[in-house]
Amino acid sequence: MSALQILVVAITIGLNALDGFDVLSISYASPGIAQEWGIDRAALGIVLSMELIGMAVGSVLLGGIADKIGRRPTILGCLVVMSIGMIMATTTRGLVALSIWRIVTGLGIGGMLAAINAVAAEFSNSRRRHLSVSLMSIGYPLGAVVGGIAAARLLQGHDWRAVFYFGFAVTALLMPVVFFVVPESVHWLVRRQPAGALDAVNRTLGRMGHLSVATLPPLATGARARSIADIFSPELVVGTVIVTLAYFLHITTFYFIVKWVPKIVVDLGFAASSAAGVLVWTNVGGALGGTVFGLLTQRFLVKRLTIAVLLASTAMVTLFGRTPADLSQLSFICAVAGFCTNAGIVGLYAIIAQVFPTHVRAFGTGFTIGVGRGGSVLAPIIAGFLFAAGFALPAVALTMALGSSLGAIVLLFLKFETDQPRVERETGHVVPGQASAAGHAI
C-alpha cells in the first residue's frame, strides 16, 4: 500500500462520514424547525424520512453512473449535489421545500456511497482490501459522533440553520481534496479503456510508485458491450439477491437501534440529554466495531466473520430490550450493540465488493444499498406499530433483532470462488488476488 493508496482510503472514510453526519443533522435541527414553523411530530416525521428516500434512489441510479463515467467524476458530482442540497435547506420556509432539498442531499449521498465502496476496494492491494473497505465503512459512525457533537455546540448559540451551514462547509471542503488527490481507479480505466486510458493509468501508477506499462491488456470479446444490468445475469443474480436481502434484513435491526434508542431511554425516565449520550456511545461502539472487524479480516474469512457478528447483533439488541433502567448499563449495552450491528454493516460492505466484479461494482453496491434503505425506512415504522399495539420493549427488541439473524441465515447460501474481491485479467476470467508491480493494469 503506497502513501497515495492509503490517503485515498482515508478520504473515503471522510466521505462516508458525511452520511453519518447527515442522518443526525436533521435530527438535531428538527426541534428548532418544529418550534419555528409550529409543526407537529407527524409532519416532521415526513421530513425525517426524505433523506432516506433520496439515498435509496441515489444509490441505485448514480451507482450505475459511477460504472459508466468513472468513480472520480461521480464522487465530485455527488459532492456538488450534496452541497447544493445543504445550503438550500437553510433558505426554506416550509416543509415541502425542505423535503425537496433533503431528497436532493440524499441523492448525492446515496450515489457517493456506491462509488466510494468501489474506490476503497480498487485502490487497495489484495491483502488489505477487506480492511480498506471496512475502514471506509466506519466513517458513518465517526461522522455521527463528531458531527453530532459539532451540531450540538452550534445549536447552543445559533438556530437550526447552523447545522446545515456546517454540513455545507465540510462538503465544500472535500471537493478540492477529491479533485486534487484522488485519481481515477486503475481497475475502472483498464476495464472501460476510455480515450487516454493508458496515459491516465501510467500517471496513477507513477503516483503510487509502481512501474508504468507499455500497453493495456486487450479487452475480452464483448467486454465493452457489458452493462450494469449484468448484476442480474445468470452468473451474478444469485449473489445479487443474497447480499441485497441480507443487507435489507440486517439494516432493519441496525436502524431500530439508531432511531429508537433516544426515545426508549427518555421513556425509561431519563433526560433527553442523557438519551443523546447513550446514542453517542452507540456510535462510538459502532466505530470501534468496524475497526476491529477490519483487522480480523486479515486473519479470518469475511463471510464467517459477518455471520458471527450478525448473530451477535441479535443477542445484543435482544439484551438491550431487557436491560434495567440504569444509565450506565444502557450505555454499555448500546455501545456493544453498536459494535456488533455496525460490524455487520462493515462485513456486508466487504462482501458486496467481493460479489460484484469491477464493471458493475458501483452499481451492484448502489442497488444493494438502495434496496436496503427500504429496511432503514421500515425499521422505525415497524417498531412504532409494535409499541402502539401494546407490545413491551423486550418483545419489540427481540422482534427487531431477528432481522440480523435472518440476514445471517441468508448469507449461508452465498458461495465464493475466492475470499477476495474479484479482479479481472486480460482473459476476462475472474481470478483471486492481484499481480505485483504493474499488476494493477496487467
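**Notebook: buried charges, rings and a helix**

I began with Glu122, which is buried, and I found that Arg71 is buried too; buried here stands for under 20% relative accessible area, exposed for over 50% and partly exposed for what lies in between, with a 1.4 Å probe and protein chains only. I note that this is a predicted model, in which local features need pLDDT of at least 70 and side-chain atom pairs count only at pLDDT 80 or more, while totals for chains, interfaces and linings use all residues. Residues are numbered from 1 along each chain as its sequence is written, and side-chain values use heavy atoms, with hydrogens and water left out.

**Salt bridges**

I then looked up the salt bridges (a side-chain nitrogen of Lys or Arg within 4 Å of a carboxyl oxygen of Asp or Glu), and the structure has five of them. The side chains of Glu122 and Arg71 form one, at 2.6 Å from N to O. Because Glu122 belongs to helix H4 (residues 95-122) and Arg71 to helix H3, this pair ties together parts that are 51 residues apart in sequence; helices are DSSP runs of H or I with at least four residues, strands are runs of E with at least two, and both are numbered from the N terminus.

Arg71 also has a salt bridge with Asp67, where the closest N and O atoms are 2.6 Å apart, and both of these residues are buried. On the other side of my list, Glu122 pairs with Arg361, the closest N and O atoms being 3.0 Å apart. Arg361 lies in helix H14 (residues 361-388) and Glu122 in helix H4, so that pair ties together parts 239 residues apart in sequence. I wrote down a relative accessible area of 2% for Arg361, which is therefore buried, and one of 3% for Glu122, buried as well. Taken together, Asp67, Arg71, Glu122 and Arg361 are linked in a network of salt bridges.

**Helix H3**

Since Arg71 had come up in two pairs, I asked which residues of H3 are buried. They are Arg71, Thr74, Ile75, Leu76, Cys78, Leu79, Met82, Ser83, Gly85, Met86 and Ala89. I read that spacing with the usual rule in mind: an α-helix has 3.6 residues a turn, so residues three or four places apart point the same way. I also checked the length of H3 (residues 71-89), whose 19 residues should span 27 Å at 1.5 Å a residue, and the end C-alpha atoms are indeed 27 Å apart, which agrees; the expected span is 1.5 Å times one less than the number of residues.

**Aromatic rings**

Next I searched the whole structure for aromatic pairs, and 10 turned up. Rings of Phe, Tyr and Trp (its six-membered ring) pair if their centres lie within 6.5 Å, with planes under 30 degrees apart counted as stacked, over 60 as edge-to-face and the rest as tilted. Trp37 and Trp160 make an edge-to-face pair, 5.8 Å from centre to centre and with 80 degrees between the planes. This pair links distant parts of the chain, 123 residues apart, as Trp37 is in helix H1 (residues 3-37) and Trp160 is in the loop between helix H6 (139-157) and helix H7 (161-181). Trp37 counts as buried because its relative accessibility is 19%, and Trp160 counts as buried at 2%.

I compared this with Phe179 and Phe180, whose ring centres are 5.0 Å apart and whose planes stand at 85 degrees, so that pair is edge-to-face. Phe179 counts as partly exposed at 44% relative accessibility, whereas Phe180 counts as exposed at 62%. Trp37, Trp160 and Phe164 form one aromatic cluster. I also noted that Arg72 lies over the face of Phe179, at 4.9 Å from the ring centre; a charge sits over a ring if NZ of Lys or CZ of Arg is within 6 Å of the centre and within 35 degrees of the ring normal.

**Cysteines and Ser59**

I looked for disulfides (pairs of cysteine sulfur atoms within 2.5 Å) and the count is zero. The sulfur of Cys340 has its closest cysteine sulfur, in Cys334, at 12 Å, which is too far for a bond. Cys340 is buried, with a relative accessible area of 8%, and Cys78 is buried with one of 3%.

Last, I placed Ser59 in helix H2 (residues 41-69), where the residue is buried with a relative accessible area of 0%. A polar atom of the Ser59 side chain lies 2.8 Å from the backbone oxygen of Met55.

Methods
A polar contact is a pair of N or O atoms within 3.5 Å; within protein, one must be able to donate a hydrogen and the other to accept it, and residues adjacent in sequence count only if both atoms are side-chain atoms.
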